[in-house]
Amino acid sequence: MTEQKPKSKLHYFGAEEEEYFHRVADRRTQLLRPLAMFFVRRNVRSDTLTLASFLLLPFFFYPLFGLQYYAACWVILILHIIIDGFDGPVARLGRYASDKGALSDIINDITGMVIVALTAMQFGFAQPFLGGLYIVTYVYMIIFIIARNVLEMPFKFVFKSKYYMFLCLLLTVHLHHDLLNPFLLILSCYQTLVTTVGFIHLRRHLPGVLGAGTRTAWPSPDKVERRKHHQARREARRLRRINKQKEPTP
Amino acid sequence: MIWYWLIIAVGVLVLAALVRWHQSLLPLERGLIEVEWEETDELIPEGPDRVELAGEQVIVQCRDSSELNFSAVGTRVTPSALAFVTVHGRRLLVLLDRGKRKWTNLVDVKRAGEKGELVDGLVGWWRHGTGHLVASDGMRLVEVHRCFGRDRIYIIDPAKALQGHAFGVGLEVMMVAPCRQLGRVSLRENEIVVSAGRRAWKAKL
């Protein structure tokens, strides 16, 4: 009997993304193995890497942006992303991956986005209202995704826009076209929608009596049945189409 | 403008401090167990083999009363940083170097004694970083690491640690020391005894 690896529920991926995320994480661990082992052998822990990645943005990205050393800013931002990407492989190769590390990683990811958005607002690249709305809706969305993952009722798929926001800021700074503000507006609307759906589903799922356990299955049996029915119809349609293509033309 | 440079300067200082003390600030946490420390009058027993240090010369008096000695140039070793452990049927001397390299060396004493140098008998090593005490029950190894706040006690499978050249890989169980800084440590079958000054504690594993 093969032993199943324990998986952390502390992540902000949807159900369909999770499998893909674990596959990518394993592949990334293999790919980054030589450099990750360099850190493992020097006792550089994943928490240290997360903390280093966390410190880069408030202490270097923000002031360098203020000093208008944009090239250095992007280098720092890329460094932040790379170091953040290394903490997982280092923890897995050092065999000390844990929920504590996962929590630090989530906080680092969110704070990174918040600092970049605040920097963009501070130096006039993002409107304060749109920037604030984007930050708030993003944080709410992440809270609901994590809460639903912990309660084992994950979203199917959620689009996370953090890196696209970084890219929009870069393009806005260098192309002198305001791409960032429309992006912030559209994504704020999307995030509001996800948050609302998350809230409604979570509220429906939670019991009405204080302290009572959640009894309803997620997703509900009716919904599972409907999904299966749709899937079977789609499959039948696909098979019909294949058979039609195989039939010889007269 | 000056504020931005000040923030950068603070950032450089914080990063430098993190690089210098990262292991003490963020000790490795894996297999953390909470044990009940009981104060005891027991003395930590001497091992069957005696290891003496004369400068950089390590003198090992084995159980069969034979004596081996070899030089460990460039290392800084204390008597409480030496232990014997059996790995894959071979009896090896664990030598926790607190010098510049901060490695835990596993040495085949016979080979080192024959050739006279530590490196000649070196079977494997891993980087301990902040370790300062070592003990063994023959199979498992205990490393005590100095951390901010309180020492950490790690029980390591040396065979696994050797494979990865990293003590984190072989780490099986860790616990928090009963006092800030430990002076000695001993491991028996399912009991660990630690001491600091005149006080000693023991705990069941």
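These legends walk through several close-ups of a predicted two-chain model.

Residues are numbered from 1 along each chain as its sequence is written, chains are lettered from A and ligands numbered from 1 in the order in which they are written. Because this is a predicted model, local features need pLDDT of at least 70 and side-chain atom pairs count only at pLDDT 80 or more, while totals for chains, interfaces and linings use all residues.

**View 1. How sure the predictor is, chain by chain.**
The model as a whole comes with ipTM 0.80 and pTM 0.79. Chain A has a mean pLDDT of 86, with 86% of its residues at 70 or more; pLDDT is the predictor's confidence in each residue, from 0 to 100. Within chain A, helix H1 (residues 15-31) has the lowest mean, 73, and H3(A) the highest, 95. Helices here are DSSP runs of H or I with at least four residues, strands are runs of E with at least two, and both are numbered from the N terminus. Chain B also averages 86, and 95% of its residues score at least 70. In chain B the weak spot for confidence is strand E2 (residues 50-54), with a mean of 75, and the high point is helix H1 (residues 2-25), at 94.

**View 2. Where chain A meets chain B.**
Chain A puts 21 residues into this contact and chain B puts in 21 residues; two residues are in contact if their C-beta atoms, placed from the backbone, lie within 7 Å. On the chain A side, the elements giving two or more residues are helix H2 (33-41) and helix H3 (46-66). H3(A) supplies the largest share of that side, 10 residues. Sorted by class, the chain A side holds 11 nonpolar, four polar and six charged residues. For that sorting, Ala, Val, Leu, Ile, Met, Phe, Trp, Tyr, Cys and Pro count as nonpolar, Asp, Glu, Lys and Arg as charged, and the others, Gly among them, as polar.

**View 3. Helices H5 and H6 of chain A, side by side.**
The axes of H5 (residues 99-122) and H6 (residues 128-150) of chain A come within 9 Å and cross at roughly 175°. That makes H5(A) roughly antiparallel to H6(A). Axes are lines fitted to C-alpha atoms, for helices over the stretch in contact, and angles run from 0 to 180 degrees between N-to-C directions. Angles under 35 degrees count as roughly parallel, over 145 as roughly antiparallel, 65 to 115 as roughly perpendicular and the rest as oblique. Residues making the contact include A:Met113, A:Ala117 and A:Met121 from H5(A), and A:Tyr134, A:Tyr138 and A:Ile142 from H6(A). The mix is 12 nonpolar, one polar and no charged.

**View 4. Helices H4 and H5 of chain A.**
H4(A) and H5(A) pack at about 170°, with their axes 11 Å apart. The two helices are therefore roughly antiparallel to each other. H4(A) brings A:His80, A:Asp84, A:Asp87 and A:Ala91 to the contact, and H5(A) brings A:Gly101, A:Asp105, A:Asn108 and A:Gly112. By class, that gives one nonpolar, four polar and three charged residues.

**View 5. The largest nonpolar core.**
This core has 99 residues, and those touching the most other members are A:Phe61, A:Ala117, B:Leu93, B:Val94, B:Val134 and B:Val142. A nonpolar core is a set of buried Ala, Val, Leu, Ile, Met, Phe, Trp, Tyr and Cys residues joined through C-beta atoms within 7 Å. H3(A) gives the core its largest share, 12 residues. Zooming in on B:Val142 and skipping neighbours within four places in sequence, its contacts include B:Val134, B:Ile153, B:Ile155, B:Val185 and B:Leu187.

**View 6. Two loop residues with positive phi.**
A:Arg95 has phi near 60°, a positive value in a residue other than glycine. A:Arg95 sits in the loop between helix H4 (70-93) and H5 of chain A, and is partly exposed, with 16 other C-beta atoms within 10 Å. A residue is buried if 20 or more other C-beta atoms lie within 10 Å of its own, exposed if 12 or fewer, and partly exposed in between, with C-beta atoms placed from the backbone. Over in chain B, B:Lys102 has phi near 55°, a positive value in a residue other than glycine. B:Lys102 lies in the loop between strand E6 (90-96) and strand E7 (103-107) of chain B.
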